[in-house]
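Me: I've got a model open and want to talk through its charged pairs and what's tucked away inside. Mind going through it with me?

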Amino acid sequence: MPKVISYANQKGGVGKSSLCVQTAFYLAVKKKKKVLVIDMDAQGNTSSRIANRIQNEDGSFDPVFYGTKTAELFKDEVSNIVVMNCPFGIDLIHSPSNDPDLFEVESSELETALNPRKHVAPLLENYDYVIVDCPPSLGRKLLAALTIATHVAFPVKLSGFAIDGVEGLIESILGVREAFNSNLEILGIIINDMDRSVNHERSLKALQDAVPELMFKNKIMHRPPLDTAVSDGVPIWDLRYGHVAAKEVEAVLEEMLEKVG
Ligand SMILES: Nc1ncnc2c1ncn2[C@@H]1O[C@H](COP(=O)(O)OP(=O)(O)O)[C@@H](O)[C@H]1O
Ligand SMILES: [Mg+2]
């Protein structure tokens with residue numbers, strides 16, 4: 001059975017989607033693995049970065065979507081799941097950008113959050129790794145992601161409030177594990193977008209003191225090329241000026257793969 005890795009944090013802008021996209025590239029291209037990405041975030045950022053794109057006359061790009069969209073997985077019945085075939089051989093269950101159907105899932109009954117696991121189970125056998133991007137909230141979609149997952153990692157951006165956020169997050173994850181998915185393994189906290197400010201150093205120290213066993217040894221610093229690579233939907237190691245960022249991302253991913261086993 002595949003390893004199913006979810007990136008979760010109820011805060012936005014911490015690097016969930018960036019890590020999701022780069023993990024998929026890394027596993028597919030560098031490790032030659034069969035990868036499926038499931039985009040549980042109705043903003044659809046990950047989908048538009050992974051999907052094929054067409055160039056418009058003005059030079060801008062639009063993603064091309066087809067197949068089953070994530071919102072359909074929440075229905076009681078889905079006849080036939082069609083995944084999208086994307087660059088680098090990656091498969092995708094996509095969310096169009098700002099999909100109202102996927103936002104609406106949050107107001108549905110709790111049980112609907114268990115439908116995606118039921119529907120994708122037969123499909124997962126075709127893959128080595130499944131990467132699930134989560135929305136910046138604690139709700140039905142996160143619950144669905146955590147019931148599909150075998151492993152969860154928390155990208156964290158340091159700030160004065162980082163500890164409070166992490167404590168709330170871990171509490172929720174433990175609750176989900178107990179109620180719905182006793183096999184879920186917590187991989188830990190990936191510090192992302194860090195700088196050398198006093199504020200970040202202090203916040204890092206506080207986290208290390210509070211949950212030392214959860215901290216990844218490797219970190220990703222504030223690296224503008226990572227922003228460019230993710231915006232352009234390309235692997236970070238393909239940017240000529242991205243080698244420092246690429247090294248940090250690779251070290252984090254290798255550490256993660258070691259934990260996943
Ligand atoms: N290490 C980093 N250095 C610079 N920019 C980053 C870094 N990590 C993420 N970003 C940028 O920060 C923004 C938010 O990241 P994103 O992955 O979309 O977060 P989330 O999915 O948690 O909301 C994006 O524009 C992304 O490109
Ligand atoms: Mg995101």
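Me: Which side chain meets Asp99 in a salt bridge?

Reply: Quick background: this is a predicted model, where local features need pLDDT of at least 70, side-chain atom pairs count only at pLDDT 80 or more, and totals for chains, interfaces and linings use all residues. Residues are numbered from 1 along each chain as its sequence is written, and side-chain values use heavy atoms, with hydrogens and water left out. A salt bridge here means a Lys or Arg side-chain nitrogen within 4 Å of a carboxyl oxygen of Asp or Glu. For Asp99, the N to O distance is 3.0 Å and the partner is Lys69.

Me: How many residues apart are Asp99 and Lys69?

Reply: Asp99 sits in the loop between strand E6 (91–93) and helix H3 (100–104). Lys69 is in the loop between strands E4 (61–63) and E5 (84–85); helices (H or I, at least four residues) and strands (E, at least two) are DSSP runs numbered from the N terminus. The pair links distant parts of the chain, with a separation of 30 residues.

Me: Is Lys69 buried or exposed?

Reply: Buried means under 20% relative accessible area, exposed over 50%, and partly exposed in between (1.4 Å probe, protein chains only). Lys69 has a relative accessible area of 17%, so by that cut-off Lys69 is buried.

Me: What does Lys205 pair with in a salt bridge?

Reply: Lys205 lies in helix H7 (residues 198–210), and its partner is four residues away, about one turn of the helix. The closest N and O atoms are 2.8 Å apart, and the partner is Asp209.

Technical notes: Chains lettered and ligands numbered in written order.
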